[in-house]
Amino acid sequence: MDVAKWWFLHLLVMVFVAILVLPFSRSSPESEAEGRTRRLRGNVIEVEGEPKSVVWVVQLSDLHLSVHHPERAYDLRRYVGPALAMINPSLVLITGDLTDGKSKDLLTMKQDEIEWIEYQNVLDNVIQRSGLNKEIFYDLRGNHDCFGVPKAGGAYDYYQKYSINAKLRRDGNVQSITLQNGGWKHLFVGFDSAMETGLRGPTNLFGHPTNQLLANIDLELSQCDVESAITKIAFGHFPLSFSALTDDGKGLKDVFLKHSLSAYLCGHLHAKFGKNIKRHHQSNHPTKYYQFNIHQGFPTNMDEQSCSSKANSSKEFWEWEMGDWRWSRAMRILAIDSGHVSYVDLDFRLGSKETIILPTFPLDSRFMQRISSVRDFKCQPKRGSSYELIRTLIFSRTEIVLVSAKVYDTRPETPIVVLDSSMRKIEGNGSRGDLYVAPWNWRAFEDPSPSRYRLQIEAIDIFGKTSYSELRPFSINGLTAQVSWTWREFFVMGCQWASIYWPAFWSAILFLSSLLLVPQVLLLCWKKNYSYEYVRPNFAGRSLREHLVDGAFLALMELPRMTVVWFGILMYLLYLLFFPWFFGHVFTERGIVAYMTYQGWFVPNFNKNTMLQYLGVPDVMVVVLPHLCFVVLPTILVIGAMAAERTTYRKYHLLLSGKKEDDSLEHNYGQTKNAISCDSNCIWRRRWIRKFLFLITVVILWKHWKNCRALVRAYDMNPFLNSPIYCFMIPVLLMYAVYKTSSL
């Protein structure tokens with residue numbers, strides 16, 4: 001049934017919609033519930049039925065459907081449709097990277113229409129098996145969905161042809177949906193911040209919000225600002241750490257803080273980086289470059305006047321990245337219960353889920369709002385309490401006969417159960433799902449420790465199978481449990497990469513230049529052989545630190561003496577600053593050849609706006625910074641070390657032969673071949689240090705070859721014609737240095 005007919009039936013014959021739907025969908029309790037649980041009215045969804053105080057939505061992200069990995073689409077058909085039928089959400093949000101757009105070797109990144117056809121077929125199958133209305137599905141673009149797309153709506157923009165949003169004619173880069181139930185409003189605002197002109201990967205990694213996009217998001221989030229019983233959620237693909245700033249220096253964070261979101265839901269980073277890819281943002285703790293921990297700042301102290309209805313709202317929000325379907329088979333259920341936001345992440349790698357438990361109150365103290373939770377607690381006498389019941393949603397394929405809530409006190413060495421209460425199901429007409437509640441004396445659990453008490457829900461079905469929720473900490477009085485990032489989590493969430501790129505680039509250039517220029521200046525100012533005082537073939541009687549300091553100094557001072565190599569490296573750095581690094585095809589169609597510099601891609605005919613000279617900034621950092629830090633820098637250090645090794649070996653050889661170079665060396669060292677230890681003799685005679693440096697040279701060449709090969713495949717370029725300096729200068733310098741330092 002097409003969308004227009006569906007819309008017509010819902011408006012005119014709503015009373016008979018369940019009967020009309022039956023011939024066109026499979027017969028099941030879930031499909032029968034479709035018509036009676038929601039009415040679509042523009043971008044407002046009336047969520048009907050019990051439970052009145054709760055709505056829930058499902059999020060999927062990073063599907064990466066690929067012709068090379070058919071199991072991803074197979075599992076999506078197999079698990080998600082039945083799971084959605086069981087969960088019966090009010091919205092299904094698919095936050096980007098719908099298709100993979102990569103070749104089998106992962107090096108060529110451009111659109112593949114076959115993958116988009118598969119995406120359309122799979123989603124149609126999922127929607128049919130779920131029994132849900134297609135109009136509650138919202139799918140956004142990710143960076144993979146715009147690889148190599150030169151123009152929105154063009155021939156290679158398959159998103160505009162096969163996505164659900166396109167099929168339902170949802171135009172614009174911002175989508176707003178409001179769920180209404182039980183006097184509460186829940187505003188969901190989704191947006192597309194992917195590149196308008198989509199470059200091929202790997203230099204297509206960041207979200208690029210524009211001033212107009214920020215204005216549109218701000219406008220949509222401003223809805224219902226005068227109403228107090230409203231919860232605001234934003235969803236998109238890119239986390240804020242991988243979102244660029246506008247030309248005016250504004251970002252998504254500024255808009256989100258202005259409206260005090262409950263949460264921003266995103267994807268992009270995948271679960272391989274960690275389980276705690278989450279971040280709390282607060283207006284009075286600005287961070288430009290990095291944030292060391294998940295939690296930002298400290299909860300604000302409040303006085304009694306803060307409970308006034310005129311009190312300013314808290315400026316904070318949570319950023320929750322959910323993982324990916326690609327490898328982790330992840331799906332998230334997010335619930336809003338009387339303004340309290342909670343979620344549970346599901347993992348389908350081990351199969352389908354028979355029972356899903358999502359506690360909605362009390363909240364997990366690790367991921368609740370830090371300011372508003374304190375305010376809610378202190379203002380309970382004036383606002384009326386939503387604290388009086390423990391509440392949980394349970395979704396199950398089988399009948400649940402017993403549900404109980406257990407609270408553990410972890411202060412003793414062995415946690416003990418301090419509350420074990422049976423929970424009853426909220427009954428009502430047209431139930432959308434099962435909400436279980438249990439009364440409790442919530443004030444008894446006030447404690448200065450936010451992780452002392454832990455909640456677990458236990459559910460037993462009719463066959464005697466027991467399911468448990470995660471044992472999670474809670475804090476009634478609004479205190480937040482601390483969670484620390486691992487180094488990987490900090491790397492992808494704590495660093496604001498769009499702001500870091502330029503300082504990192506110029507710092508790298510300054511450091512590399514100083515390694516070349518400072519020793520040359522010192523060499524010109526000092527006496528000719530001054531650095532030879534550091535040539536000590538004998539290792540005896542010196543610490544490792546002394547060896548390293550002397551060796552590093554000698555390496556830097558010997559590099560300028562290799563005039564050809566030193567001058568070649570200096571010219572290479574100047575080339576990287578003032579000339580194109582390489583040329584290539586940046587779109588799926590091969591007609592346009594662009595070139596890349598450290599400032600981004602210059603694309604002919606696309607850069608008519610003088611204010612936009614380059615595309616893909618700061619995305620090019622994935623090429624620029626690794627090349628400077630892991631190729632150019634090691635090259636300078638290794639060539640200097642080779643020169644220092646040759647000088648030391650030459651001194652060793654002269655000492656053994658009883659010869660001398662000049663009077664100054666004889667005066668400085670005054671050594672004989674008998675003064676050299678057995679260990680030093682073995683090391684220098686066989687030149688083990690040189691062999692080790694040669695091994696490092698091979699590693700550098702291998703790393704550089706891999707980078708060049710990836711770029712050649714990614715942009716369909718000829719290294720001899722399109723990037724000869726970038727690809728071959730480093731290998732030539734290294735091989736020349738190996739040759740020049742091979743003999744005395």
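**Exercise 1.** Work out what share of the contacts between residues at least 6 apart in sequence joins residues at least 24 apart.

*Solution.* Start with the cut-off: a contact means heavy atoms within 4.5 Å. Now keep the pairs at least 6 apart in sequence; 76% of these contacts in the protein join residues at least 24 apart.

A quick note on ground rules: this is a predicted model, where local features need pLDDT of at least 70 and side-chain atom pairs count only at pLDDT 80 or more, while totals for chains, interfaces and linings use all residues. Residues are numbered from 1 along each chain as its sequence is written, and side-chain values use heavy atoms, with hydrogens and water left out.

**Exercise 2.** Find what percentage of the 744 residues is buried.

*Solution.* Buried means under 20% relative accessible area (1.4 Å probe, protein chains only). With that cut-off, 55% of the 744 residues count as buried.

**Exercise 3.** Lay out the sheet that holds β23, β24 and β25, and say why β23 and β25 each have a side without a neighbour.

*Solution.* First, the terms: strands are DSSP runs of E, at least two residues, numbered from the N terminus, and helices are runs of H or I, at least four. Two strands pair if DSSP finds at least two bridges between them.

Next, the order is β23-β24-β25, an open sheet with antiparallel pairing. β23 (582–585) and β25 (600–602) are at the edges with a single partner strand each, so one side of each lacks a neighbour in the sheet.

Then zoom in: β23 and β24 (residues 593–597) pair over four bridges, and His585 has Val593 in β24 as its bridge partner.

Terms used
Buried < 20%, exposed > 50% of the residue type's maximum accessible area, 1.4 Å probe, protein only.
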